Amino acid sequence: MTHTVAENAAPTVSEFVPQSVEQAREWVLERISLEQSIRIHGNGTSGHSDPISLEEGGCFPVSSQDLKTIHFFDPDDLVAGMQAGQTAAEMQQLLAQKKMQLMVNPWYPDSTLGGMVSANISGPNRMNMGGLRDSLIGIEYINGRGELVKAGGKVVKNVTGYDLTRMMIGHLGGLGLITSVNFKIQPFVIDPHALFLETDLQNWQNAVGLLQSRRIPLDWIQAVSASAEGNRILLGAGFSGNPERRSRIANELQDVFGEKSFMLADGDDSPEWPCLPGKERFNGFLPAYLEHWQINQPGLHLQASLPTADILELSLESLSAWDPRMIIHPVGGDLHLFLGEQDGDRQKKFIQTLLKCLPRQSSNMRLLRSAPEVGFEHLGHFAKPPGYSLSCRLKQHLDPEELFDAPYYRM
Ligand SMILES: Cc1cc2nc3c(=O)[nH]c(=O)nc-3n(C[C@H](O)[C@H](O)[C@H](O)COP(=O)(O)OP(=O)(O)OC[C@H]3O[C@@H](n4cnc5c(N)ncnc54)[C@H](O)[C@@H]3O)c2cc1C
């Protein structure tokens, strides 16, 4: 099946949407024999699926979105395996039928599993309950020679030699077309609750610093801009367990957050705050915040990753004139900044201001949405994450003909 990506004057390429792995493989082999390169998509939620003009030397798009077979779901062995086109929401719904879940935090409900692995997604549970790297136990993909490779396995304890499974995490479509993934899954946590504190840009870091120093066993932590404008921040810290455990953690948290904090069970709404931290953290948490901030489509979405200690020292005062909306996962950690601003020149100015706030040695940045004229090159030194040159060497080794086109490897 093919989808026409757009109707432009210049001939654009139709996206190929294979209905089976065999079809995908035949199509990849055909591209190899015709010396054409490939751009991989899932559901396009990252916004990078713009049509590519053949006249611009574009490559041929393929999407794994229709590969949806469920191979196995075994709650007793805590494993599930399915094709890469299943979405985050579909997978969590299936697992929820047996009170199980995948402990990763997609931004969008429609993100496919292939896209999530490829982007190495992370969110509020990062560091506290393991992330995608800890959950992925097996993978199947089509490599640059058109071979179907299977790595890892179906079981949680699986001794392999060279770790091909983990190598495929975060490759952003540059190493192969992921067709299936096997995950370690977990039972629902017991009675999840969270304590929330309304604070501001000057004070949220103190609260998180105190939490860190007391080593309170949290399930997740997230700080978000409280409303569509202004510097108020809502900080949420999640915990779970039997009543005794919860009460002990809640007391410790209240000691840090103070009297103004409030506690809610997971899923309960606050009449005052329609969009609380931790909301929809396993099913795609970003759309609810964007709606709350009345940002229909972010003009700019940037992610900065830096160690917890540096996040807690960060001063973002110089950004206040721009009033960006923020989602912060302080442990790990990462900071997302959103602007409704669509103008590319203004976006570049914002980025220049942000770059001056970040510690040079320990930070790196990802550009997730921007005006077309804003690219990786505007992130300067921060565009390349640690290990970038190793990733490029891996790409040269595994895909020497550069069959899979991925902008990440062209920095
Ligand atoms: C640099 C970057 C970092 C991101 N970090 C996060 C994050 O931390 N959390 C999060 O939720 N989202 C993150 N995203 C957005 C993320 O891409 C989407 O949330 C989601 O994971 C993608 O699902 P999708 O099906 O819409 O994929 P798309 O948006 O279509 O594609 C996203 C990326 O995955 C690749 N890809 C998609 N399917 C496959 C496949 N079958 N085989 C191989 N590669 C594939 C694409 O080439 C592309 O690079 C990030 C995006 C980018 C570009």
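A disulfide is a pair of cysteine sulfur atoms within 2.5 Å. The exercises below use that cut-off and a few others on this structure, which is a predicted model.

**Exercise 1. Cysteines**

Find how many disulfides the whole structure holds, and state where Cys59 and Cys392 stand in this respect.

Solution. A search of the whole structure gives 0 disulfides. For Cys59, the nearest cysteine sulfur belongs to Cys392 and is 17 Å away. Because a disulfide needs the two sulfur atoms within 2.5 Å, Cys59 is in no disulfide. Taken from the other side, Cys392 has the sulfur of Cys59 as its nearest cysteine sulfur, and Cys392 too is in no disulfide. Next comes accessibility, where buried means under 20% relative accessible area. Cys59 has 5% and is buried. Cys392 has 17%, so Cys392 also counts as buried.

**Exercise 2. Helix α10**

Compare the span of helix α10 with what its 14 residues should give, then locate its buried residues.

Solution. Helix α10 runs over residues 344–357. At 1.5 Å a residue, its 14 residues should span 20 Å. The expected span uses one less than the number of residues. The end C-alpha atoms of α10 are 20 Å apart, which agrees.

The buried residues of α10 are Gly344, Gln347, Phe350, Ile351, Leu354, Leu355 and Cys357. Seen down the axis, they fall within an arc of 145°, so they line one face of the helix. The elements that cover these buried residues include β16 (300–305), β18 (334–339) and β19 (364–369).

The last step is the start of the helix. There, a side-chain oxygen of Asp343 comes to within 3.3 Å of the backbone nitrogen of Asp345.

**Exercise 3. Helix α11**

Sort the named residues of helix α11 (residues 388–398) into a buried side and the face turned away from it.

Solution. Tyr388, Cys392 and Lys395 are the buried residues of α11. They cover an arc of only 55° around the axis, which puts them on the same side of α11. The face turned away from this buried side carries Leu390 and His397, which are exposed.

**Exercise 4. His336**

Describe the surroundings of His336, starting from its place in the chain.

Solution. His336 belongs to strand β18. Its relative accessibility is 2%, so His336 counts as buried. Two polar contacts of its side chain can be listed:

- with the side chain of His301, at 2.9 Å;
- with the side chain of Asp334, at 3.4 Å.

For the wider set of contacts, neighbours within four places in sequence are left aside. His336 is then in contact with Trp107, His301, Leu302, Gln303, Arg325, Met326, Ile327 and His329.

**Exercise 5. The ligand**

How many residues surround the ligand, and which polar atoms of Thr45, Trp107 and Ser118 come up to the ligand?

Solution. The ligand is surrounded by 30 residues, and the closest are Ile40, Gly42, Thr45, Ser46 and Thr112. The polar pairs are taken one by one. In Thr45, an N or O atom of the side chain is 2.5 Å from an oxygen atom of the ligand. In Trp107, a polar backbone atom is 2.7 Å from an oxygen atom of the ligand. In Ser118, an N or O atom of the side chain is 3.1 Å from a nitrogen atom of the ligand. Trp107 appeared in Exercise 4 as well, as a contact of His336.

**Exercise 6. Loops and backbone angles**

Place Gly333, Lys99, Asn120 and Gly340 in their loops, and note what can be said of each.

Solution.

1. Gly333 is in the loop between β17 (325–329) and β18. A cis peptide bond joins Gly332 to Gly333, with omega about -5°.
2. Lys99 is in the loop between α2 (88–96) and β7 (100–101). Its phi is near 55°, a positive value in a residue other than glycine. With a relative accessible area of 58%, Lys99 is exposed.
3. Asn120 is in the loop between α3 (113–119) and α4 (132–135). Phi is near 50° for Asn120, again a positive value in a residue other than glycine. Asn120 counts as partly exposed, at 24% relative accessibility.
4. Gly340 is in the loop between β18 and α10. Gly340 is partly exposed, with a relative accessible area of 40%. Not counting residues up to four places away in sequence, Gly340 touches Ile295 and Gly299. From Gly340 to Gln212 there are 128 residues in sequence and 33 Å in space, C-alpha to C-alpha.

Conventions: Residues numbered from 1 in each chain as written. Predicted model: local features only at pLDDT ≥ 70, side-chain atom pairs only at ≥ 80, totals over all residues. Heavy atoms only, no water. Buried < 20%, exposed > 50% of the residue type's maximum accessible area, 1.4 Å probe, protein only. Helix = DSSP H or I, 4+ residues; strand = E, 2+ residues; numbered from the N terminus. Arc of directions from axis to C-beta. Contact = heavy atoms within 4.5 Å. Polar contact = N/O pair within 3.5 Å; in protein donor to acceptor, adjacent residues only side chain to side chain. Near = heavy atom within 4 Å.
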